[in-house]
Amino acid sequence: MTRTSFRPCAAACAALALAFAAACGGKSQPTAHHSSPEARLGFSSRSIVQERDAEAKYTAQLSIDSISQFHRTITKRPHMAGTPASMAVAETIRQGLERAGLETEVHEFQVYLSTPRSISAELVEPTKQPLNVREPANPLDPDSANPELVPAFVAYSASGEVRAPVVYVNYGLPPDYAQVEAAGVDVRGKIVIARYARSHRAVKIHTAQEHGAAAIIIYSDPADDGYAKGLTWPEGPWRADFQSQDGNGKYSWFWHGDPLSPGVGARADSKVLDPATVPTLPRIPAIVLSYKEAAKILGQLRGPAVPAGFQGALPFAYRLGAGPAVVHMNVQMDASRRPIRDIIARLPGRNPDRWVVLGTHHDAWTFGGMDPGSGTSAVYETARSLAALAKQGWKPDRSIVFAFWDAEEPGLVGSTEYAEAFEKELRQKAVAYINTDLFMQGHFFGGGTPSLRDFLVQVTEDVPALNGHGTVYDEWRAERKGPKDLEVELAALGSGADFVAFQDYLGLPTLSVQYDFEGSYGAYHSNYDSRYYVEHFSDPGFHVARTLAQVFGVSVMRLADALVLPYRYSRYAHKISDYLDDAGTWGVLKLDLDHSKALAAEIATRSEALERRIDENVESGRWPDKSSASLNDHLTHLEQDLLDESGSPAEHWYRHVIYGWNIYSLYDGQPLPGLAEAIRLKDPARVAQETARIENALRRMLAELRQAGG
Ligand SMILES: [Zn+2]
């Protein structure tokens with residue numbers, strides 16, 4: 001999955017103007033102070049020399065040829081989760097890493113997946129016209145003619161046959177429906193047609209279902225994802241009129257992963273919920289169309305002229321309907337529990353029971369040229385190169401674990417099942433989770449928990465820029481929005497990729513790292529996301545992949561070898577203070593956050609003192625000593641203190657009180673998600689409850705910080 005739209009203040013914040021200001025953050029933070037420009041968190045000036053030497057040897061292993069070759073191997077066939085082709089890709093990864101010298105494991109889960117049996121759609125009034133739900137092949141990219149490709153579809157769509165007049169609902173979000181209703185158009189029993197962008201497709205399906213629509217068609221409008229943005233395929237990277245976007249329609253704001261097994265890593269014999277009644281599955285049929293096909297319907301709508309903001313970029317004036325366009329659609333899905341396979345590869349450290357985890361996914365809607373072939377190749381190259389370094393005698397202090405998740409596209413299924421199955425072990429042993437998914441030449445993106453912000457800044461300061469000028473950090477800085485004196489910040493992570501279970505369910509310090517484009521790209525979830533697209537548009541020459549492999553390698557090596565783990569909770573505490581201040585502006589309800597603000601301030605002061613002491617003791621060589629293992633564990637677990645574990649996973653799967661996601665925060669992260677939702681619902685009792693959850697979490701954090709010596 002992954003949309004490249006994590007970038008704060010993109011379309012997302014404009015869409016629903018409630019309580020999201022903090023997601024777009026950007027207050028002035030205390031300047032990161034290093035004792036010298038060469039100082040690196042967790043290392044003394046002596047120990048970093050040896051570390052840099054190992055990093056240089058690692059970097060020398062990285063090979064663009066090897067990245068390209070591996071990418072070719074895994075993008076030959078469509079390899080949707082649950083298919084033999086996906087199993088074959090998983091096995092290719094496992095065998096390659098085993099040969100490279102890593103220990104590998106296969107973790108099979110049995111999960112509920114959904115693929116099309118047959119999908120058809122036809123315009124039946126005012127004229128009869130078939131609507132093509134298959135992307136036509138184009139000889140420029142021979143992969144597009146692969147016979148294993150299936151029609152464009154929405155995974156987890158309900159099955160059903162509907163014949164009804166059509167209503168155009170813009171982006172298909174609640175404010176759009178309010179305007180459609182105000183114009184006197186009734187969507188009940190109708191087929192609504194909504195354009196992609198500004199939210200996850202599942203939110204559009206759910207909103208249509210809530211408003212009584214009989215079915216939904218989602219299409220890519222050229223205004224958001226086509227010629228109005230720039231040159232289209234094959235002349236440029238933007239979506240051509242015949243390309244459509246697949247994706248999952250699962251209601252993942254209840255819980256992520258397998259829709260039938262919240263809180264349980266689903267095995268063949270696991271007891272699971274009934275698909276007929278789970279809240280995570282759509283109850284109306286949904287299909288996707290290209291804009292060439294959608295134009296056939298939209299051009300035949302009459303009724304009121306569209307309100308401001310509804311007009312897309314097709315060459316006619318949009319109308320709301322209903323009708324006279326009538327569509328007949330028939331969606332028959334094949335939904336069942338099927339096996340998926342996560343591949344784990346391990347480079348054991350001297351301390352094998354502490355892990356640094358780097359993850360990506362291997363399943364794809366089609367060929368996975370970019371999504372996820374780019375990310376899979378870069379993580380594979382990192383693993384291969386570190387294995388080569390290990391053969392030369394290098395051994396990390398903590399173990400490095402590489403994860404290749406299956407079934408990310410249906411909704412982070414492989415990563416979530418693994419996180420649920422190994423919850424206890426991960427919470428005890430994992431010191432950080434780093435994720436990447438798709439990437440392409442564009443802007444550096446760093447997101448995650450604020451404790452790792454200074455760490456990622458230092459890593460990117462040590463990796464040469466993609467464009468050859470300066471460092472990756474310089475590129476990151478250049479991307480900052482707002483006043484120039486603002487420092488770079490990690491974006492709050494939302495719902496778009498495999499980091500979700502690790503941050504929101506397990507409370508691990510988490511990073512998401514990639515390069516992204518302008519919020520979308522033309523081949524996203526299309527048959528045309530193939531090798532051709534990567535070679536011509538997204539990463540010709542695989543330079544982005546190589547640069548990111550260097551960022552990943554340096555990151556995991558430093559996290560594995562740091563004498564004291566390089567977190568900065570003082571920064572985290574300041575960030576929490578910012579969110580608490582911002583929350584006061586989210587609604588009309590009076591908030592009592594004074595206790596939480598005082599706790600955050602005390603955490604900041606104590607963290608700063610502890611961090612000074614850590615830096616001094618590491619530099620002088622007094623640390624590590626025999627107390628350091630316990631210090632490192634306390635530091636790691638400070639993040640877990642922010643989980644509120646009351647309630648069952650089915651009621652409360654998103655346990656992190658500071659970071660998370662909800663239906664109205666779109667793909668972006670929503671700081672203080674529970675409080676934001678309570679404010680949106682204007683529910684004072686719930687606000688009080690959420691305020692207490694935040695306060696309790698901060699108390700746990702403060703107590704742990706004291707135990708750590710802060
Ligand atoms: Zn992906």
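1. Buried, in this note, means under 20% relative accessible area, exposed means over 50%, and partly exposed is in between (1.4 Å probe, protein chains only). Helices (H or I, at least four residues) and strands (E, at least two) are DSSP runs, numbered from the N terminus. With that in hand, have a look at helix H10: its buried residues are Val-413, Gly-414, Ser-415, Thr-416, Glu-417, Tyr-418, Ala-419 and Glu-420.

2. A word on what you're looking at: this is a predicted model, where local features need pLDDT of at least 70 and side-chain atom pairs count only at pLDDT 80 or more, while totals for chains, interfaces and linings use all residues. Residues are numbered from 1 along each chain as its sequence is written, and side-chain values use heavy atoms, with hydrogens and water left out.

3. Back to H10, which spans residues 413–421 and is mostly covered, with 8 of its 9 residues buried. What sits over those buried residues? Among the covering elements are strand E1 (103–125), strand E9 (321–347), E10, strand E11 (398–405), helix H11 (423–429) and H14. Keep E10, H11 and H14 in mind, since they come up again below.

4. Next, the metal. The zinc ion is held by His-361 through NE2, by Asp-371 through OD, and by Asp-437 through two OD entries, at 1.9 to 2.7 Å. Donors here are N, O and S atoms within 2.8 Å of the metal (3.2 Å for Na, K and Ca); water is not among the atoms, so sites may look incomplete. Along the chain, the donors are spaced as H-x9-D-x65-D. His-361 belongs to strand E10 (residues 351–361) and Asp-437 to the loop between strand E12 (430–435) and strand E13 (443–448), so this pair ties together parts 76 residues apart in sequence. Both His-361 and Asp-437 are buried.

5. What about the geometry of the zinc site? The angles among its 4 donor atoms run from 52 to 148°, and the site is irregular. For the label: four donors count as tetrahedral if all angles lie between 85 and 135 degrees; four count as square planar and six as octahedral if opposite donors are over 155 degrees apart and all others between 65 and 115; anything else is irregular.

6. On to the interior. A nonpolar core is a set of buried Ala, Val, Leu, Ile, Met, Phe, Trp, Tyr and Cys residues joined through side-chain atoms within 4.5 Å. The largest one has 117 residues, and those with the most contacts inside it are Leu-386, Phe-402, Val-513, Tyr-521, Ile-658 and Leu-672. Helix H16 (residues 543–561) gives the most to this core, 11 residues. Apart from it lies another core, of 102 residues, including Ala-155, Tyr-156, Ile-287 and Phe-499.

7. Tyr-521 deserves a click. Contact means heavy atoms within 4.5 Å. Leaving aside neighbours within four places in sequence, Tyr-521 is in contact with residues including Asp-225, Arg-239, Leu-438 and Asp-371; Asp-371 is also one of the residues coordinating the zinc ion.

8. Salt bridges: there are 42 in the structure, each a side-chain nitrogen of Lys or Arg within 4 Å of a carboxyl oxygen of Asp or Glu. The side chains of Asp-353 and Lys-429 form one, at 3.5 Å from N to O. That pair links strand E10 with helix H11, 76 residues apart. Asp-353 is partly exposed at 39% relative accessible area, whereas Lys-429 counts as buried at 13%.

9. Glu-423 and Arg-655 also meet in a salt bridge (3.1 Å, N to O). Glu-423 lies in helix H11 and Arg-655 in the loop between helix H20 (649–652) and helix H21 (673–680), so parts 232 residues apart in sequence are tied together. Glu-423 and Arg-655 are both buried.

10. Which buried residue goes without a salt bridge? Asp-504 does, and the nearest side chain of opposite charge, Arg-655, is 9.6 Å away. In that count Lys and Arg are positive and Asp and Glu negative, with His and the chain ends not counted. Asp-504 is placed in helix H14 (residues 500–505). Beyond four places in sequence, Asp-504 touches residues including Leu-643, Trp-653, His-656 and Trp-661.

11. Finally, Gln-550 is found in helix H16 and is buried, with a relative accessible area of 8%. Not counting residues up to four places away, Gln-550 touches Tyr-58, Thr-59, Leu-62, Asp-462, Val-463 and Pro-464. Asp-462 in turn is part of a salt-bridge network with Arg-40, Arg-52, Glu-55, Glu-461 and Arg-558.
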